[in-house]
Amino acid sequence: MNARELQTAVKDDLQALFEGRTYKAPPPKIQGTPEFNLEEYDPEKPPEEPTSDLIMEKLGVYEQDLPIREKGADDPFPYIIVRLSKGGIATPVDPHKVDIFLLIGIYDNDRRNIGHKTVLEIIEDIQKHYEKHPTLCGGAFQFTDPFTWVLQDEPSYPYFYGGCNLSFNLAAPRTESRFT
């Protein structure tokens, strides 16, 4: 098993984990509609009441990057990108360790500016899942420490981002000997 197979296995596992759950999605782009302007955002203004035309979508899970979109295409939110970040073997007897960074993107137009809570909920669900089920593909991939996460530090309302790093051990190929 290799890093590419691990990436696909994590993508498939996350799709199964979040199956049946939906999250807010941005409204379809309409020609001539002005974009949201953060400078005009007033945190003192009372939150808008949810509208009946709220759009909910399943979480899209993608390998390495978002798909290329045509100009004017709708935003792909909500999503998780399963990005291979690094890997290697420290010594001849160590397992092959691969780090995967999960980039999470959420849309939440709630005027209370609380989309980070949804991002954290997703991160916590991923952490709990891999702590309870640390192996993939019948044990070919073993989740290991550390598990770290991060939230964005720049305002980007109504889009919110976060990420978490997962480390997995893979079996490393070894030199064959006539005695093995």
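Helices and strands here are DSSP runs, numbered from the N terminus, with at least four residues (H or I) for a helix and at least two (E) for a strand. With that settled, Gln-64 of this predicted model falls in the loop between E3 and E4. Gln-64 isn't a glycine, yet its phi is positive, at about 70°. Its relative accessibility comes out at 29%, so Gln-64 counts as partly exposed.

That loop holds another oddity. Pro-78 also sits between E3 and E4, and the peptide bond leading into it from Phe-77 is cis, with omega near -5°.

The strands on either side of the loop pair up. E3 (residues 60–63) runs parallel to E4 (residues 79–88), and 4 bridges join the two. Within this pairing, Tyr-62 faces Ile-81 of E4. E4 also pairs with E5 (residues 96–107), this time in the antiparallel sense and over 9 bridges. Here Gly-88 lies opposite Lys-97 in E5.

Further along, similar backbone features turn up. Asn-113, in the loop between E5 and helix H2 (115–132), has a positive phi of about 60° despite not being a glycine. Its relative accessible area is 30%, and since partly exposed covers the range between the 20% and 50% limits, Asn-113 belongs in that class. A cis peptide bond also links Tyr-157 to Pro-158, with omega about 5°; Pro-158 is placed in the loop between strand E7 (141–151) and strand E8 (159–170).

Why single these spots out? Because most residues other than glycine have a negative phi, and most peptide bonds are trans.

Conventions:
Residues are numbered from 1 along each chain as its sequence is written. This is a predicted model: local features need pLDDT of at least 70, side-chain atom pairs count only at pLDDT 80 or more; totals for chains, interfaces and linings use all residues. Side-chain values use heavy atoms; hydrogens and water are left out. Two strands pair if DSSP finds at least two bridges between them. Buried means under 20% relative accessible area, exposed over 50%, partly exposed in between (1.4 Å probe, protein chains only).
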